[in-house]
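Subject: Structure handover

Hello,

I am passing on the structure we spoke about. Please look at it first; my notes come after it.

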Amino acid sequence: MSCTLLSLLPLLVSPGLARHSGGVPTRITFASPGARFDVADGNYDVTWAENSDDKTGELAFFYQPSNVPVGTKLSSSLHAGTPIPGGEKVPVEGDANVLKWDTSSVPAGSYFVYSVTQDPPLDPVASFSPLPVTIRHQGDPPWPAVTVDKPDVGELPSGVAFAIRWRASGASPLHATIRYGAVGTEDPPEEIAADLPMVGHANGTFAGCYAWDLSLVPLDSYYIQVEVKDSAGRSHSAYSRSSVVVDRDSSSADPKNVPTCADEPWDAGSPRSDGGRKGDDDGGCSCEVGRDRKPGGVSAVLLLGLLTSLRRPSGRRERPHTYPPSAP
């Protein structure tokens, strides 16, 4: 090859290829919001760490009321976040890993923060904060916030049941509605159970657990949505960061290994008006029983006297729900 042609090679390579190094775009891991249910009024520090050796590309930061179902493409309309001022083009190679977000003009409510990594010629990728941050200005009531802890990444159910777990913050009492939908679709999710009470902690947060009977759920991979609402009607929704794979593998259908909520001390039932606790009459199971179930029967799998909703195998959506959740 002639010296002249060699000298022209840098001009023949696209700027993106010239900038890029490494095989995957950087996905960041949020530190805040992420460790706890934060409340902000004014400046809030969004912090993160890169989980890739590739330090090329730029980050753009956004916020929106809910995260998105697992498997949602970045091109989906569900990624409809509002840009965070000053966070439009943050170099990945920087060491500060902090973005000061002025929330003074953000309406009261709870929001997930997410980043989009631009690193041509690789496809952009999105990373969501695991917990939302609640914006509360002076005089505002506390807004609910929720995150789904189970299903977790790399976790598979037994095939016959799955213990859905979530945490929340807000004004007591809080009640939850649980829904599910097939991964890779944007059909409205279908309701599993509604009006579920939650257990309060001394630090002001709440926890919930629900044992989902999978015995008649069609074989597929599903995301979970949890919506919490307070007595004033304020609500917040979140999706699981992983999926529930319904396979009903006979080798894992041992009733002794069926996931339940009874093994978690923080979900030992909620107070009843008669002074007892939910769970006292059903063998001590901590799983809350939904009040809006489809007709069914007693699950022979859970062995704990749970009244469960038997899912129809057709996969038809019977109760439409709107998404994305309306902004506060």
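The notes below go from the whole chain to one sheet and then to two residues.

Please keep in mind throughout that this is a predicted model.

The whole chain

The protein chain contains 21 strands and 2 helices. It has 328 residues, and 47% of them count as buried. The accessible surface of the protein chain is about 15,700 Å². Carbon and sulfur atoms account for 53% of that surface. Many contacts link distant parts of the sequence: taking contacts in the protein chain between residues at least 6 apart, 70% are between residues at least 24 apart.

A sheet of four strands

One element to look at is an open sheet of 4 strands, in the order β11-β12-β16-β15, where the pairing is antiparallel. The edges are taken by β11 (145-150) and β15 (199-200). Each of these has a single partner strand, so one side of each has no neighbour in the sheet. For β11, 5 bridges connect the strand to β12 (residues 161-169), and the two run antiparallel. Within this part of the sheet, Val146 is placed opposite Ala168 of β12.

Asp213

The same sheet order includes β16, and Asp213 is a residue of that strand, which covers residues 205-213. Is Asp213 buried or exposed? Its relative accessible area is 3%, and because buried means under 20%, Asp213 counts as buried. The side chain of Asp213 makes a polar contact of 2.9 Å with the side chain of Ser215. Asp213 can also be compared with Ala163 in position: the two are 50 residues apart in sequence, while their C-alpha atoms are 8.9 Å apart in space.

Asp220

The other aspartate to note is Asp220, in strand β17 (residues 220-230). Asp220 has a relative accessibility of 37%, so this residue counts as partly exposed. Which residues does Asp220 contact, leaving aside its neighbours within four places in sequence? They are Ala182, Val244, Val245 and Val246. As for Asp247, this residue is 27 residues from Asp220 along the chain, and the C-alpha atoms of the two are separated by 7.1 Å.

To put the two aspartates side by side, Asp213 is buried, whereas Asp220 is partly exposed.

Regards

Conventions. Residues are numbered from 1 along each chain as its sequence is written. This is a predicted model: local features need pLDDT of at least 70, side-chain atom pairs count only at pLDDT 80 or more; totals for chains, interfaces and linings use all residues. Side-chain values use heavy atoms; hydrogens and water are left out. Two strands pair if DSSP finds at least two bridges between them. Buried means under 20% relative accessible area, exposed over 50%, partly exposed in between (1.4 Å probe, protein chains only). Contact means heavy atoms within 4.5 Å. Accessible areas come from the Shrake-Rupley method with a 1.4 Å probe; for residues, only the protein chains shown count as cover. A polar contact is a pair of N or O atoms within 3.5 Å; within protein, one must be able to donate a hydrogen and the other to accept it, and residues adjacent in sequence count only if both atoms are side-chain atoms.
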